[in-house]
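This report covers a hairpin, a disulfide, the nonpolar cores, a cavity and some backbone angles. Keep the structure in view while reading.

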Amino acid sequence: MEVNCFVENNPIVETLIQHLARSPQTFQPQIAAADEMFLYPFHELEERNSDGALVSYYSLGRTLFDSIQQIINVYFGSFEQISSFLDFACGYGRFMRFLVQEMPAEKIWASDIYADAVRFQTEYFGVNGIVSTPKPEDYQVQRKFDCIYAGSFFSHMPPRTFKAWMQQLYDLLNPEGLLIFSVLDEAILPAAIEMPSEGILFSSDSSESQFLDRNDYGTTYVKEAFIRELIQQVSQNKASIFRIPKGLSNYQDLYLVTPQQNRDFTALDFKYYPEGYLDACNITPTGEIQLEGWAIDWNSNHSVESIQIIVNHQVIQQCQPSKERPDLVEHFHQPELLKSGWSCVISGGQISPQDIIIIKAVNTVGLEWIIAVEEVKNMMVRTRWRDDLLETQNQLKQRESKLQETQSQIELTEFTLAQARDKLTQLEAKLGDCQLELSSSQFLLEQSKNHIQAMESSKFWQLRTQWLKLKQTLGILPKNQTK
């Protein structure tokens with residue numbers, strides 16, 4: 001089967017394996033060429049950085065595994081106590097490559113709708129395979145399992161198959177088994193979208209899959225009450241259920257379900273991973289390398305203990321987040337994240353441009369988040385390119401703002417001009433009325449003049465005029481009165 005061309009002989013991958021794998025010597029790094037869990041972030045990255053996508057792929061796979069391991073250690077004691085594990089909707093093995101280092105492959109079953117994904121895992125990891133089906137009722141498996149993990153599956157199922165799949169997986173559990181699944185809670189639903197009263201919302205507008213029908217595999221949000229009621233239905237009110245908010249990748253909620261009634265999960269003190277980001281990598285005028293970024297932790301009463309800079313498997317520099325980052329407070333709506341910025345300076349003698357540098361955020365409960373793994377020279381170029389891109393984007397935003405302002409001014413001018421045109425039209429109408437009245441008056445005046453002239457030219461008028469003049473001569477009529 002065709003594999004990812006960026007993995008082979010890649011020093012970034014080799015460095016990652018040393019820090020992520022329980023046993024680097026036996027770790028299986030190959031990624032299938034069709035693995036959408038690599039392709040999706042690769043295409044989403046603005047610079048199409050293959051190394052960045054690989055770091056995300058392996059690091060997230062490890063954090064997913066560690067989250068599940070916390071649950072397994074409390075419920076079963078360890079992976080060694082599990083006789084059968086089903087990784088449902090497993091994809092091409094982002095999680096599996098870490099699982100097979102913890103328990104024998106013959107005790108693991110990989111199941112997915114993609115037959116090639118199942119074949120890749122059976123051939124590459126040596127696990128058992130079950131090809132899934134589009135319809136839940138067609139998924140016929142002739143065995144039961146101690147543990148079933150369905151990560152990021154129900155977060156894509158439409159209502160018409162959501163309940164049926166939950167029933168199928170629950171029915172595949174042994175009496176003391178455990179079902180672990182993740183969902184997108186209503187808390188992360190965009191503010192402009194309202195959750196339906198039934199407690200489940202499906203959208204076919206977005207999907208991580210490039211091949212599955214979006215009407216069958218989209219994006220689904222649910223309410224906790226919906227999940228709890230559904231579990232009671234599929235278990236006939238016999239199951240115990242426990243919720244871990246944002247337990248999967250600090251984003252999706254994790255639910256634990258067992259057929260055992262009144263099972264107590266309070267012993268599970270679940271711990272969250274820190275998160276972080278590298279904003280800049282620059283060389284100072286004195287030849288030092290300055291790294292800047294941010295790091296945050298979601299565990300109650302805990303924090304990011306240190307940012308570690310590692311070269312050649314040695315920690316060469318450490319620092320703590322202490323710089324104010326109001327942008328993070330605004331983005332996450334968490335005032336306590338104000339002092340989440342960090343900055344580390346490395347002397348030029350400690351590192352060379354060809355060295356691979358690892359930047360980790362470590363929280364006070366001992367969990368680590370890999371912020372970056374990259375050659376120093378590439379990191380400088382990439383962050384500088386990103387800075388240039390951000391500057392260009394800011395310039396575009398400023399130009400768009402000015403354009404919008406100019407557009408608003410144009411619209412205001414057009415509105416004012418339209419008003420002036422309306423007034424002009426009204427004045428022209430009034431002027432037309434006045435001209436009509438004037439023409440009518442002139443016509444009447446002209447008629448009057450013609451009438452007077454006609455009267456003055458008549459014999460009666462001439463006799464009248466002569467009579468008045470005679471009266472004036474005789475002194476009967478004053479000289480200034482002619483009428």
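**Hairpin.** Strand β10 spans residues 275-283 and strand β11 spans residues 289-296. The two strands pair in the antiparallel sense, over eight bridges. In this pairing Leu278 of β10 stands opposite Gly293 in β11. Five residues separate the strands of this hairpin. In the turn, Gly287 has a positive phi of about 90°. The model is a predicted one.

**Disulfide.** How many disulfides does the model hold? The count comes to one disulfide. Cys319 is joined to Cys344, with an S to S distance of 2.2 Å. The angle about the S-S bond is -105°, and the link of Cys319 and Cys344 is left-handed. This pair ties together distant parts of the chain, 25 residues apart. Cys319 sits in strand β13 (residues 314-319), while Cys344 sits in strand β14 (residues 341-346).

Are Cys319 and Cys344 buried or exposed? Cys319 has 12% relative accessibility, so it counts as buried. Cys344 is at 2%, so it is buried too. Two further cysteines, Cys90 and Cys147, appear with them in the table.

| Residue | Relative accessibility | Class |
|---|---|---|
| Cys319 | 12% | buried |
| Cys344 | 2% | buried |
| Cys90 | 10% | buried |
| Cys147 | 0% | buried |

The cut-off behind the class is simple: buried means under 20% relative accessible area. Cys90, at 10%, therefore counts as buried. Cys147, at 0%, therefore does as well.

**Nonpolar cores.** The largest nonpolar core holds 60 residues. Which of its members touch the most others? They are Tyr58, Phe85, Leu99 and Ile180. Helix α3, residues 50-75, gives the most to this core, with 11 residues. Another core lies apart from it, with 34 residues. Its members include Ile130, Leu172, Ile200 and Ile241.

Tyr58 merits a look of its own. Neighbours within four places in sequence are left aside here. Tyr58 is then in contact with Val7, Val13, Leu16, Leu20, Phe27, Pro29 and Ile31, among others. Its contacts also include Arg97 and Phe98.

**Cavity.** A search of the whole structure turns up one cavity of 30 Å³ or more. The largest cavity encloses about 50 Å³ of space. Which residues line the largest cavity? The lining is made by Ile71, Val74, Tyr75, Leu256, Arg263, Phe265 and Leu268. Helix α3 gives the most to this lining, with three residues. This helix also gives the most to the largest nonpolar core.

**Positive phi outside glycine.** Most residues other than glycine have a negative phi. Asn237 has a positive value, near 65°. Asn237 lies in the loop between α7 (224-235) and β8 (240-248). Its relative accessibility is 56%, so Asn237 counts as exposed.

Asn262 is not a glycine either, yet its phi is positive, about 60°. Where is Asn262 found? The residue is in the loop between β9 (252-258) and β10. Strand β10 is also the one that pairs with β11. At 74% relative accessibility, Asn262 counts as exposed, because exposed means over 50%.

Definitions and conventions:
Residues numbered from 1 in each chain as written. Predicted model: local features only at pLDDT ≥ 70, side-chain atom pairs only at ≥ 80, totals over all residues. Heavy atoms only, no water. Pairing = 2+ DSSP bridges. Helix = DSSP H or I, 4+ residues; strand = E, 2+ residues; numbered from the N terminus. Disulfide = S-S within 2.5 Å. Buried < 20%, exposed > 50% of the residue type's maximum accessible area, 1.4 Å probe, protein only. Core = buried A, V, L, I, M, F, W, Y, C linked by side-chain atoms within 4.5 Å. Contact = heavy atoms within 4.5 Å. 1 Å grid on protein atoms, 1.4 Å probe; cavity = no way out; pocket = protein on both sides within 12 Å on 5 of 7 lines; lining within 4 Å. Points joined across faces, edges and corners; volume = space filled by probe spheres on them.
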